[in-house]
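Thanks for coming. I'll walk through one structure today, going from the whole chain to its charged pairs and then to its helices.

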Amino acid sequence: MPLTPEQEQEIAAERGTSRPTRRATVPALEEILYEALPVLDRGFVRVIDYMGDDGAIVQAARVSYGRGTRRVSEDRGLINYLMRHRHTTPFEMCEIKYHVKLPIFVARQWIRHRTANVNEYSARYSILDNEFYIPAPEHLAAQATTNRQGRGDILEGEAARRVLDLLREDSERAYAGYAAMLNEEAGTPLDPAWPGLARELARMNLSLNFYTQWYWKTDLHNLMHFLSLRADPHAQYEIRAYAEAMLGTMQRWVPSAYAAFLEYRMNAASISATGLKVIQRMLAGETVEQKDSGLSLREWRELMAMLGR
Ligand SMILES: Cc1cc2nc3c(=O)[nH]c(=O)nc-3n(C[C@H](O)[C@H](O)[C@H](O)COP(=O)(O)OP(=O)(O)OC[C@H]3O[C@@H](n4cnc5c(N)ncnc54)[C@H](O)[C@@H]3O)c2cc1C
């Protein structure tokens, strides 16, 4: 996650500034405010701003005049209740804003989450840095044979080296072509005899592993929806790495909502009506087989995995 000395100075200046406020603040989140939390080889997530805390959720749920805080255990119980019963609007009272640096292919998955406000770095206006993602060797895997959307065995030795070489060579060549087409450095033409191509066109030969950046703001309800999909083991490793860093920020920000989220969403299970009947028959002592369960083989396997069988 290489930041330039100027960027580090800007972050330090922000971190060194305090502002008096009557609004609720969260010391654990303040501790890491503006800090770049490293993700992948050159990416990061930074919390830039936030509004609300656990108290804001209960305050909105009770439509209170004051902070709405009773005993911590009561507030926690209410947050658990809201999460369990999908009473989601009180969670929308809290907002968070991130600055994210991420490879373009991760951004393409991320941008599908429409319930957020996004402002991306403009490669029409500015020149993209020569920064591209190269996976760590332990994340280079072959195509899965059982799941068309997943990874199989880790590539080793010569196969891994070949992939890493190809990725690096292609990225470097693409950036060299981009720089040549732009034909400029700090606003000055490198070759005054050549006009250079517009930034908005020159960028098109860059590959999906180049890094982009954006500000991404959302509310806690939609953040949890994003995290439930992207911190899930079915999500691609690269976006999951960002989601996991963001889970850490959520834990600092709204610890009671975070605990409820793990309990009732992330680590909970959703079971179909037929799956529930299978469990009920099993609990009644019946031996149930897939063929007389009413479930497809895939559903059966998923249910058995969920039950640890
Ligand atoms: C493991 C995984 C694999 C995926 N594979 C593919 C794939 O192969 N191809 C592909 O194209 N996408 C794929 N996706 C993306 C997926 O289909 C969703 O687009 C993405 O997860 C965003 O989810 P969302 O729409 O619920 O989120 P958001 O856009 O944040 O929306 C949140 C919720 O708001 C509501 N909402 C928002 N907009 C609308 C609307 N216009 N109409 C109705 N309700 C709305 C819905 O209830 C929605 O769930 C994949 C996602 C995951 C996690």
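A residue counts as buried under 20% relative accessible area, as exposed over 50%, and as partly exposed in between. By that rule R199, with a relative accessible area of 24%, is partly exposed. Please keep in mind that this is a predicted model.

First, the overall picture. The chain has 309 residues, and 37% of them count as buried. Its secondary structure comes to twelve helices and nine strands. Along the principal axes, the C-alpha atoms fill a box of roughly 85 × 60 × 30 Å. If you take contacts between residues at least 6 apart in sequence, 67% of them join residues at least 24 apart.

Now the charged pairs. Side chains of opposite charge can pair when their charged atoms come close. How many salt bridges does a search of the whole structure find? The search finds 15, and I'll take three.

Back to R199: its side chain meets that of E184 in a salt bridge, at 2.7 Å from N to O. R199 sits in helix α7, residues 199–202, and E184 in strand β7, residues 184–185, so the pair, 15 residues apart, links distant parts of the chain. E184 is also partly exposed, because its relative accessible area is 21%.

The second pair is R42 with E131, 3.0 Å from N to O. R42 is in the loop between β1 and β2, and E131 is in the loop between β4 and β5, so this salt bridge ties together parts that are 89 residues apart in sequence. Are the two partners buried or exposed? R42 is partly exposed, at 28% relative accessible area, while E131 is buried, at 9%.

The third pair is within one helix. R173 forms a salt bridge with D170, with the closest N and O atoms 2.7 Å apart. Both residues lie in helix α6, residues 157–182, three residues apart, or about one turn of the helix. An α-helix has 3.6 residues a turn, so residues three or four places apart point the same way. R173 is exposed, with a relative accessible area of 55%, and D170 is partly exposed at 40%.

There is also a charged residue without a partner. R240, in helix α9, residues 237–253, is buried yet has no salt bridge. The nearest side chain of opposite charge is E244, 4.3 Å away, and a salt bridge needs nitrogen and oxygen within 4 Å. Leaving out residues up to four places away in sequence, R240 touches R230, A231, D232, P233 and A235.

On to helix packing. Two packed helices are described by the angle between their axes and the distance between the axes. The axes of α3, residues 54–62, and α4, residues 72–84, come within 10 Å and cross at roughly 70°. That makes α3 roughly perpendicular to α4. On the α3 side, the residues in this contact are D54, I57, V58, A61 and R62, and they meet E74, D75, L78, I79 and L82 in α4. By type, the contact residues divide into six nonpolar, no polar and four charged.

The last helix is α10, residues 255–266, where S256, A257, Y258, A260 and F261 are buried. What covers them? The cover includes α3, α4, α8 and α9.

One strand residue to finish. D153 lies in strand β6, residues 151–154, and counts as exposed because its relative accessibility is 65%. Its C-alpha atom is separated by 8.6 Å from that of L140, 13 residues apart along the chain.

How values were computed. Residues are numbered from 1 along each chain as its sequence is written. This is a predicted model: local features need pLDDT of at least 70, side-chain atom pairs count only at pLDDT 80 or more; totals for chains, interfaces and linings use all residues. Side-chain values use heavy atoms; hydrogens and water are left out. Helices (H or I, at least four residues) and strands (E, at least two) are DSSP runs, numbered from the N terminus. Buried means under 20% relative accessible area, exposed over 50%, partly exposed in between (1.4 Å probe, protein chains only). Lys and Arg count as positive and Asp and Glu as negative; His and the chain ends are not counted. Contact means heavy atoms within 4.5 Å. Axes are lines fitted to C-alpha atoms, for helices over the stretch in contact, and angles run from 0 to 180 degrees between N-to-C directions. Angles under 35 degrees count as roughly parallel, over 145 as roughly antiparallel, 65 to 115 as roughly perpendicular and the rest as oblique. Ala, Val, Leu, Ile, Met, Phe, Trp, Tyr, Cys and Pro count as nonpolar, Asp, Glu, Lys and Arg as charged, and the others, Gly among them, as polar.
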